[in-house]
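Visitor: I am new to this structure. Please give me a close look at a single part of it, beginning with a loop and then following the strands and helices around it.

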Amino acid sequence: MRGLIRSVLVALAFAGALGHGAQAQQLRVGLQEDPDVLDPTISRTFVGRVVFASMCDKLFDITPDLKLVPRLATGYEWSPDQKSLTIKLRDGVLFQDGTKMDAAAVKYTLDRDLTLPGSTRKSELAGVTGIEVVDPLTVKIALAAPFAPLIAVLSDRAGMIISPKAAEGGATAFGNHPVCAGPFKFVERVPQDRIVLERFPDYWDKGHIKLDKITYLPIPDSAVRLANLKSGDLDLIERVAPTDLDEVKSSPKLITASIGELGYQGITINTDNGPPSKSPIGSDERVRQAFSLSIDREALVQVVYNGFFIADDQWTGPASPFHIKRPVPARDIAKAKALLAAAGQPHPTVNLTVPNTPTLMQVGQVIQSMAAEAGFDVKLQAMEFASGLSASSKGELEALVLAWSGRTDPDGNIYSFVSCGGALNDGKYCNKDVDAALQTGRTASDFAARKAAYDKVTEITDKELPIIYLFHQQWLWAMSKTVKGFAPYPDGIMRFNDVTKG
Amino acid sequence: MRRFILHRLGILIPTLIFVSMMIFALQQLLPGDPALALAGEERDPQVIQYLRARYHLDQPLPVRYAYWIGGVLRGDLGESIRIQRPVAELVLEKLPVTGELTVLAMIIALAIGIPAGIVAAVKRGTAWDVAANAVALWGLSTPNFWLGILMILLFSVHLGWLPASGYVSPFESLWGNLATLIMPAFVLGNAIAAVIMRHTRSAMLQVMRSDYVRTARAKGLSERTVILKHGLRNALGPVITLGALEFGQLLSGAVLTEQVFTIPGFGKLVVDAVFNRDYAVVQGVVLCTASFYILLNLAADLLYAAINPRLRA
């Protein structure tokens with residue numbers, strides 16, 4: 001009997017050792033939301049982009065310092081008139097279903113982006129008039145007019161090349177089982193529970209992929225996400241609340257990573273959309289200037305976010321080369337009062353709508369008390385996010401606290417928001433000079449010309465203030481100390497190249 | 001008995017039609033344009049228009065109701081706009097999860113509530129009674145989400161005994177399944193245990209004062225037999241009705257608990273769908289929950305009739 005027990009124990013120990021040696025590297029990642037449909041053509045959520053990053057390689061990608069680098073592409077060349085872009089593709093790249101990624105697949109994907117009903121990529125590629133296969137590893141994209149942000153657009157969802165064979169099965173089937181050319185292939189998805197990906201052995205850049213499996217778990221509550229990380233049920237969590245930073249740092253088992261975002265948090269003012277635009281703040285730029293001057297952005301960030309976010313009054317993130325190097329304007333109550341007096345509105349009422357999350361409500365309250373000192377009577381109205389968005393686009397609000405997650409190219413942060421008739425221009429702000437500068441920004445080919453154009457946009461919008469910018473968030477990740485090699489990117493999207501666990 | 005059942009089934013159909021209309025109408029009161037909410041951050045006008053047309057959001061209300069109810073009658077609950085999957089499939093996927101959670105919670109509630117109620121009634125006025133009432137009051141007044149987070153902190157973060165959240169299918173691992181469900185089931189069951197305890201107590205108090213209990217005692221039956229056979233059996237009627245109602249409420253009331261413990265059940269499905277204005281999902285889930293509620297009520301009535309022959313007439 002004793003012999004039997006001993007041999008069982010030995011066998012168990014051996015099996016244990018074997019099991020340990022061959023242990024697969026699995027990473028469990030806590031997300032803030034559950035993504036929408038996993039089809040790069042249709043996808044509409046930020047969190048969807050987070051999951052795609054492991055599954056779908058793009059023609060181009062960004063580096064942490066926002067340089068554009070080729071991925072599925074190896075290089076590109078603009079035609080002299082800037083109306084056609086020739087892209088050279090990487091040889092020997094396979095999709096996760098074993099088919100070849102080539103020029104025909106790129107053409108198929110971009111054509112699908114332009115024609116699939118409900119495609120969210122269509123407007124991003126609006127200027128594209130045709131895609132031509134030059135040879136198996138070369139495609140040529142024709143444009144109606146020069147469009148400088150195109151490479152940046154192709155470094156996001158529009159540049160994720162999908163397997164034509166898999167997509168032929170129909171959009172619904174594809175969205176439930178996406179096939180791309182990224183490092184991890186789709187295994188399963190249980191809505192609101194998990195998305196499981198496993199390493200794609202034939203990935204073109206497999207030398208940089210050390211993990212065997214990634215499981216994404218959507219856990220909306222940041223406190224619960226953190227609890228899961230601390231208990232070891234998760235290895236890595238995104239969007240940690242800045243107020244939890246001290247707690248994370250005090251834990252010997254955890255480390256953090258952070259980087260300033262590409263987007264911004266601001267207040268969109270209704271300047272010309274329906275009756276609420278006739279309010280003092282909507283109808284007079286001096287009132288808006290006074291409002292902006294009454295806010296101490298540094299103090300706001302200090303109070304609500306433990307000083308972790310970045311106070312600023314610009315629409316590009318601090319990492320962007322288009323961000324203007326200048327100090328954040330100081331609070332100036334005397335000047336604000338003078339402006340209000342000049343506008344004949346010493347005590348204007350401002351109806352400020354705030355999404356009903358606890359921290360944004362706090363942002364609203366801090367602004368309310370700061371603006372009161374300049375003479376403003378700020379009335380806060382908390383509104384659930386989708387309702388607020390709807391009311392804002394219908395022109396039912398005076399001012400709305402609204403964030404934008406940000407894009408690599410400056411065009412993605414400003415064009416739709418302040419161009420006349422822009423899709424996200426809820427306040428219907430319109431200024432021909434701004435429009436002209438935005439067009440130059442889109443079409444000019446060299447950096448200096450684009451920078452000059454966007455500086456011009458900033459100069460005008462700083463004065464007219466259709467959006468009062470408040471601060472930039474910092475993306476904050478927390479992870480177990482066993483996770484190594486994680487590099488934060490300013491777009492907030494996790495990339496697992498060279499990340500290990502163990 | 002058969003007439004009783006048929007009568008009750010007859011009421012079922014108009015009730016369900018009325019419920020379906022209510023669900024549809026109430027949902028329209030939600031502020032916020034669903035096409036806009038679902039169009040994502042870019043709010044592309046072409047996409048918004050496409051979503052409106054595809055999901056009939058541009059049609060008048062009665063037409064939309066007709067589309068929906070027509071589909072429901074053919075067994076088609078529609079499609080989630082957000083993740084492009086049939087609602088019926090989602091419901092079938094989530095129902096067993098919430099079902100299991102609810103059953104576990106109910107077992108915990110009954111296991112705590114009924115014995116505590118009996119003890120409180122039998123030992124009325126003693127320390128036992130006070131203790132049971134105090135526990136009940138605590139259960140009733142503790143918010144689910146708060147208790148949930150505290151339990152996560154204690155059992156997952158500090159002690160490391162249980163996973164903090166998520167769900168494991170029993171087919172994958174029975175132990176894993178119980179480990180993920182025990183905390184949420186306790187949180188849910190805890191509040192209901194309090195209600196059941198209080199009802200059991202008052203029903204028992206009433207029954208124990210009745211003549212037949214005095215007769216039973218006079219016959220010299222043991223106190224145990226008197227309490228369990230004569231007392232409890234008669235006191236259980238209202239407790240069963242209450243249990244069925246609470247059970248139905250659990251199906252929909254697991255919302256907060258599922259959110260805290262990230263359990264991919266009905267509650268989480270509906271909350272996410274409401275925030276994203278994924279109308280078809282909200283309608284499908286609420287219709288199913290309402291149907292269950294109605295069926296559970298029916299089951300309670302039938303059970304009631306089974307233990308109380310006077311109701312069968």
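**Loops, a sheet and its surroundings**

Guide: A:Gln82 is placed in the loop that joins β4 (73-78) to β5 (84-89) of chain A; helices (H or I, at least four residues) and strands (E, at least two) are DSSP runs, numbered from the N terminus. The model is a predicted one, in which local features need pLDDT of at least 70 and side-chain atom pairs count only at pLDDT 80 or more, whereas totals for chains, interfaces and linings use all residues. Residues are numbered from 1 along each chain as its sequence is written, while chains are lettered from A and ligands numbered from 1 in the order in which they are written.

Most residues other than glycine have a negative phi. At A:Gln82, however, phi is near 60 degrees, a positive value in a residue other than glycine. A:Gln82 has 16 C-beta neighbours inside 10 Å and therefore counts as partly exposed. By this measure a residue is buried if 20 or more other C-beta atoms, placed from the backbone, lie within 10 Å of its own, exposed if 12 or fewer, and partly exposed in between.

A second residue of this kind is A:Arg239, with phi near 45 degrees, again a positive value in a residue other than glycine. A:Arg239 belongs to the loop between β11 (236-237) and α8 (245-250) of chain A. With 20 C-beta neighbours inside 10 Å, A:Arg239 counts as buried.

Strand β11 leads into the sheet. In chain A, 7 strands form an open sheet with mixed pairing, in the order β8-β9-β10-β1-β11-β19-β12. The edges are taken by β8 (184-190) and β12 (254-260) of chain A, each of which has a single partner strand, so one side of each is left without a neighbour in the sheet. Two strands pair here if DSSP finds at least two bridges between them.

At one edge, β8(A) and β9(A) pair in the antiparallel sense over 6 bridges. A:Glu188 stands opposite A:Val196 in β9(A). The two strands β8(A) and β9(A) form a hairpin with 3 residues between them, and in the turn A:Gln192 has a positive phi of about 65 degrees. Further into the sheet, β9(A) pairs with β10(A), also in the antiparallel sense, over 4 bridges. In this pair A:Ile195 stands opposite A:Tyr216 in β10(A).

At the other edge, β12(A) is joined by 7 bridges to strand β19 (residues 474-480) of chain A, and the two run antiparallel. Within β19(A), A:Trp477 is the bridge partner of A:Ala257.

A helix also accompanies these strands. Helix α2 (residues 46-55) of chain A lies across β1 (26-31), β8, β9 (194-199) and β10 (213-218) of chain A. Helix α2 runs at about 140 degrees to β8(A); axes are lines fitted to C-alpha atoms, for helices over the stretch in contact, and angles run from 0 to 180 degrees between N-to-C directions.

Elsewhere in chain A, helix α11 (residues 297-305) and helix α13 (residues 358-372) pack at an angle of about 140 degrees, with their axes 10 Å apart. That angle makes α11(A) oblique to α13(A); angles under 35 degrees count as roughly parallel, over 145 as roughly antiparallel, 65 to 115 as roughly perpendicular and the rest as oblique. From α11(A), the residues A:Leu300, A:Val303 and A:Val304 meet A:Thr359, A:Gln362, A:Val363, A:Val366 and A:Ile367 in α13(A). Residues are in contact if their C-beta atoms, placed from the backbone, lie within 7 Å.

Chain A also touches chain B, whose secondary structure comes to 13 helices and 0 strands. The contact takes 36 residues from chain A and 41 residues from chain B. On the side of chain B that touches chain A, α2 (34-38), α3 (45-54), α7 (144-158) and α12 (266-275) of chain B each supply at least two residues. The largest share of that side, 6 residues, comes from α3(B).

Buried residues make up 42% of the 313 residues in chain B. One of them, B:Gly231, has 25 other C-beta atoms within 10 Å and is found in helix α10 (residues 223-253) of chain B. Its neighbours within four places in sequence left aside, B:Gly231 is in contact with B:Met204, B:Val207, B:Met208, B:Val213 and B:Val226. From B:Gly231 to B:Val207 the distance is 5.8 Å, C-alpha to C-alpha, although they are 24 residues apart in sequence.

Methods. Contact = placed C-beta atoms within 7 Å.
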